[in-house]
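Take a walk through this model, from its internal spaces to its core and its charged pairs. Keep the sequence and the structure side by side.

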Amino acid sequence: MSSAATDPAPPPPGGVLWTLAGDVRALLMLPAALTMQVAHPAVGAGVDEHSVFRTDPWGRGERSLRSVQLWVYGGRDAAAEGRRLRELHKTIQGVDAHGRRYHALDPAYYARVHATGFPVYRHAARYLVRPLTQAQERALYAEWLQVGRILGLRDRDMPQTPEEFWPYYRTVLAEEIEATAVVRELVALDAPVPPPDRGPLVLRLALRALWPLLLPRILRFRRFMTIGLMPPEARAAIGLEWSDRQERALRRFGRVVRAVVPVLPERLRYLPLARRARRKARRDGTLPRKALARQELRRRPARRASSA
């Protein structure tokens with residue numbers, strides 16, 4: 001039985017993940033990571049057969065977001081959340097579209113799901129935040145490895161350095177990734193997404209009335225951000241089209257986001273769990289008011305986005 005003394009620690013306050021994962025811009029990054037995950041046939045089959053993303057998309061999204069936030073900002077609750085997820089995945093097994101058996105806790109599949117976070121954060125930050133320095137990329141990778149340990153991954157299941165990660169990543173893209181049924185559904189422009197079922201009653205009623213008008217626009221925006229913030233090599237491996245015109249539009253959108261979000265007050269810039277964790281860390285003296293990672297990300301000059 002795990003205890004607080006032996007549990008892996010979450011990423012440190014003031015680190016790169018503390019800057020990225022709780023920022024509201026992370027909401028725009030998550031669909032790209034999720035779509036890369038379900039592009040693996042085993043993962044796609046598991047989500048297709050066992051997830052409630054069709055029947056309860058808003059609840060599923062809320063729970064997934066809270067889980068990700070706990071890994072980074074949960075303190076002692078981070079490892080408990082990792083154990084909860086492993087327990088949840090124990091019964092997820094079946095046969096994928098190629099007739100191959102899968103189990104969600106197979107170390108190779110579990111590691112592949114986790115691995116998508118690093119290239120998506122790295123790529124999306126170039127548009128929405130700032131390009132990471134080499135030192136920040138290495139710190140981000142080390143912190144993402146730590147999140148993997150929280151989720152129960154062993155070091156032998158994960159590349160231990162960025163230099164080891166990129167060949168592993170390219171092999172996965174070349175040999176294992178495809179446009180699964182779930183991928184096609186996540187980027188579809190005619191997906192039957194129900195209106196939100198949470199929030200103030202007045203807002204829910206208004207959204208329900210306007211949903212036929214809003215949904216097509218929401219689906220177009222979701223597809224645009226999902227494909228645009230996906231690293232180009234992953235996009236190509238899955239077979240998702242992306243034009244020069246779309247790239248220019250994403251760069252324009254990114255310039256607006258980079259100008260607006262950094263000047264927002266903390267209560268609007270950070271998601272609730274991250275905001276509470278940041279306040280607590282400042283009170284405890286573990287998060288400087290000018291955390292190095294945040295300041296560097298804000299003042300680095302933007303440069304043309306590219307991929308490894």
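What volume does the largest cavity have? The model is a predicted one, and in it the largest cavity has a volume of about 150 Å³. It is one of two cavities of 30 Å³ or more that the structure holds. Its lining is made of 15 residues, and the closest to the centre are Met36, Arg112, Thr116, Val172 and Ile177.

Several helices build this lining. Helix H2 (26–38), helix H6 (107–115), H9 and helix H12 (232–238) each supply at least two residues of it. H9 gives the most to the lining of the largest cavity, with five residues. By residue type, the lining of the largest cavity has eleven nonpolar residues, three polar ones and one charged one.

Now turn to the second largest cavity. It encloses about 80 Å³ of space. H6, H8 and H9 each supply at least two residues of its lining. Which residues line the second largest cavity? They are Ala111, His114, Ala115, Tyr141, Trp144, Leu145, Asp157, Met158, Pro159, Phe165 and Tyr168. Nine of these residues are nonpolar, one is polar and one is charged. H6 and H9 therefore appear in both accounts: each supplies at least two residues to the largest cavity and at least two to the second largest cavity.Next come the open spaces. The second largest pocket has a volume of about 340 Å³. Of the 16 residues that line this pocket, Tyr73, Gly74, Gly75, Ala277 and Lys280 are the closest to its centre. Helix H4 (57–73) and helix H15 (272–284) each supply at least two lining residues. Which helix gives the most to the lining of the second largest pocket? H15 does, with six residues. The lining of this pocket divides into nine nonpolar, three polar and four charged residues.

Stay with Tyr73, one of the residues closest to the centre of that pocket. Tyr73 is also among the residues with the most contacts inside the largest nonpolar core. That core has 71 residues. Leu17, Trp71, Tyr121, Leu128, Phe165 and Leu229 are the others named for the most contacts inside it. H7 gives the most to this core, with seven residues. Phe165 has a second role here, as a lining residue of the second largest cavity.

What does Tyr73 touch, leaving aside its neighbours within four places in sequence? Its contacts are Leu17, Trp18, Ala21, Gly22, Leu273, Ala274 and Ala277. Leu17 is itself named among the core residues with the most contacts. Ala277 belongs to the residues closest to the centre of the second largest pocket.

Move to helix H2, where Thr35 has its place. Is Thr35 buried or exposed? Thr35 is buried, because its relative accessible area is 1%, under the 20% limit. Beyond its neighbours within four places in sequence, Thr35 is in contact with Val183, Leu186, Thr226 and Met230.

Charged pairs complete the picture. Side chains of opposite charge can pair when their charged atoms come close. How many salt bridges does the structure hold? It holds 21.

Begin with Arg122. Arg122 forms a salt bridge with Glu137, and the closest N and O atoms are 3.1 Å apart. The pair links distant parts of the chain, with Arg122 in helix H7 (residues 117–128) and Glu137 in helix H8 (residues 134–150), 15 residues apart. Both ends are buried: Arg122 has a relative accessible area of 9%, and Glu137 has one of 15%.

A salt bridge also joins Arg138 to Glu163, with the closest N and O atoms 2.6 Å apart. This pair too links distant parts of the chain, from Arg138 in helix H8 to Glu163 in helix H9 (residues 162–175), 25 residues apart. Arg138 counts as partly exposed, because its relative accessibility is 38%. Glu163 is partly exposed as well, with a relative accessible area of 49%.

Finally, look at Asp56 and Arg63. Their side chains meet in a salt bridge of 3.3 Å, N to O. Arg63 counts as partly exposed, at 44% relative accessibility. Which residues do salt bridges with shared partners join into one network? Asp56, Glu62, Arg63, Asp197 and Arg198 make up that network.

Notes: Residues numbered from 1 in each chain as written. Predicted model: local features only at pLDDT ≥ 70, side-chain atom pairs only at ≥ 80, totals over all residues. Heavy atoms only, no water. Salt bridge = Lys/Arg side-chain N within 4 Å of Asp/Glu carboxyl O. Buried < 20%, exposed > 50% of the residue type's maximum accessible area, 1.4 Å probe, protein only. Helix = DSSP H or I, 4+ residues; strand = E, 2+ residues; numbered from the N terminus. 1 Å grid on protein atoms, 1.4 Å probe; cavity = no way out; pocket = protein on both sides within 12 Å on 5 of 7 lines; lining within 4 Å. Points joined across faces, edges and corners; volume = space filled by probe spheres on them. Nonpolar A, V, L, I, M, F, W, Y, C, P; charged D, E, K, R; others polar. Core = buried A, V, L, I, M, F, W, Y, C linked by side-chain atoms within 4.5 Å. Contact = heavy atoms within 4.5 Å.
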